[in-house]
Amino acid sequence: MFTTTKDVLTYAEKTNTAIAAFNCYNAETIQAAVQAAENQQQPVIIAYGERYKDYMSLEAFATFTKVIAEQASVDVALHLDHSYEFETIRRAVHAGFTSVMFDGSALSLEENIKQTKEVVDFAHEHGVDVEAEIGSMQKGAFSDEEEGDGRLTDPDEAADFVRKTNVDFLAASIGTVHGMYDGDPEIRLDLLDALKERIETPLVLHGGSGTPEKEVLQAIEKGIRKINVNTEISLTAVESIAKTVKENSKAHLSVVMENAQHAMVDHMEKIVTLYKNN
């Protein structure tokens, strides 16, 4: 069933779980994410990054996702991930996305508050929730995200930001990276405790790829309700494609992509299972 991001995060809060937000960019990734969620009977968030709009039409992506969601046996939400342009947010809102992320993490705190508030006012007028980010995550291996400076979230700044913007979800920088880790992760779980003391807004963890299971489960216990995963699944799909082509260089494209989709389902299901926090 197609539903809102707020609804699935409310479910996560009630069940002390986290919802996987899988970055998707085509039919195979969308279908794999929903199938993995159905296999575990857990809600899922389909996330579309602004950087993919020249590869996959935003409006076409939304339409396809909604059709797949309506056929699903679990709740499916549609989220715009890491958007820097108001025009992209406007298009996403009108296309039926249930939440949008405005990423003003590279701006000054004052400018981030100002622009986020403008996005929140617009989105809320149309019944759409907003995620924003305080701090700035570094870029790890194999990522296609923007480079960040690794600045961790300041709990006092975060509380002030939430109060002034009325944002619905907050992405915190606690030491995870976009992509895979180049070395041992240094994740500051104590920051989550400090954030939970100051704000009630649901917390989001970016950089789910490669993050150790122990830290993931601890983060969920400390209030993380949405975890973004991208690079880890991309690598699985690419490995599957390479294997299929190596075995048969003339393989039909439908076979190549079907194999990749099956591989993604298996990997995504393991992630969804972990985030159930049983």
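# A walk through the fold, starting at D168

Let's start with one pair of side chains: D168 and H124 are joined by a polar contact of 2.7 Å. A polar contact here is a pair of N or O atoms within 3.5 Å; within protein, one must be able to donate a hydrogen and the other to accept it, and residues adjacent in sequence count only if both atoms are side-chain atoms. The model is a predicted one, in which local features need pLDDT of at least 70 and side-chain atom pairs count only at pLDDT 80 or more, while totals for chains, interfaces and linings use all residues. Residues are numbered from 1 along each chain as its sequence is written, and side-chain values use heavy atoms, with hydrogens and water left out.

Where does D168 sit? D168 is in the loop between α6 and β6. These labels come from DSSP runs numbered from the N terminus: helices are H or I runs of at least four residues, and strands are E runs of at least two. D168 is buried, with a relative accessible area of 11%; buried means under 20% relative accessible area, exposed over 50%, and partly exposed in between (1.4 Å probe, protein chains only). The side chain of D168 also reaches the backbone nitrogen of V130, at 2.8 Å. Leaving out residues up to four places away in sequence, D168 touches K6, H124, D129, V130, T201 and P202, where contact means heavy atoms within 4.5 Å.

Now step back along the chain to helix α6, residues 155–165. At its N-terminal end, D154 acts as a cap: one of its side-chain oxygens lies 2.9 Å from the backbone nitrogen of D156. Within α6, the residues P155, A158, F161, V162 and T165 are buried. Seen down the axis of α6, these buried residues fall within an arc of 120°, so they line one face of the helix; the arc is that of the directions from the helix axis to the C-beta atoms. On the other side of α6, D156 and R163 are exposed. What do the buried residues of α6 pack against? Their partners are α5 (109–125), β5 (129–134), β6 (169–172) and α7 (189–198). Just after α6, N166 takes a positive phi of about 65°.

Let's look at helix pairs next. Two packed helices are described by the angle between their axes and the distance between the axes. For α5 and α6, the axes come within 9 Å and cross at roughly 35°. These axes are lines fitted to C-alpha atoms, for helices over the stretch in contact, and angles run from 0 to 180 degrees between N-to-C directions. In the contact, L109, N112, I113, T116, K117 and V120 of α5 meet E157, D160, F161, K164 and T165 of α6. Another pair is α9 (residues 231–247) and α10, which pack at an angle of about 145° with their axes 8 Å apart.

Finally, here is the interior. The largest nonpolar core has 73 residues, of which F22, I46, F97, V100 and Y275 touch the most other members. Such a core is a set of buried Ala, Val, Leu, Ile, Met, Phe, Trp, Tyr and Cys residues joined through side-chain atoms within 4.5 Å. Helix α10 (residues 253–275) gives the most to this core, with 8 residues. Apart from it lies another core of 10 residues, including V8, I19, A77 and F169. Across the protein chain, there are 10 helices and 8 strands, and buried residues make up 56% of the 278 residues.
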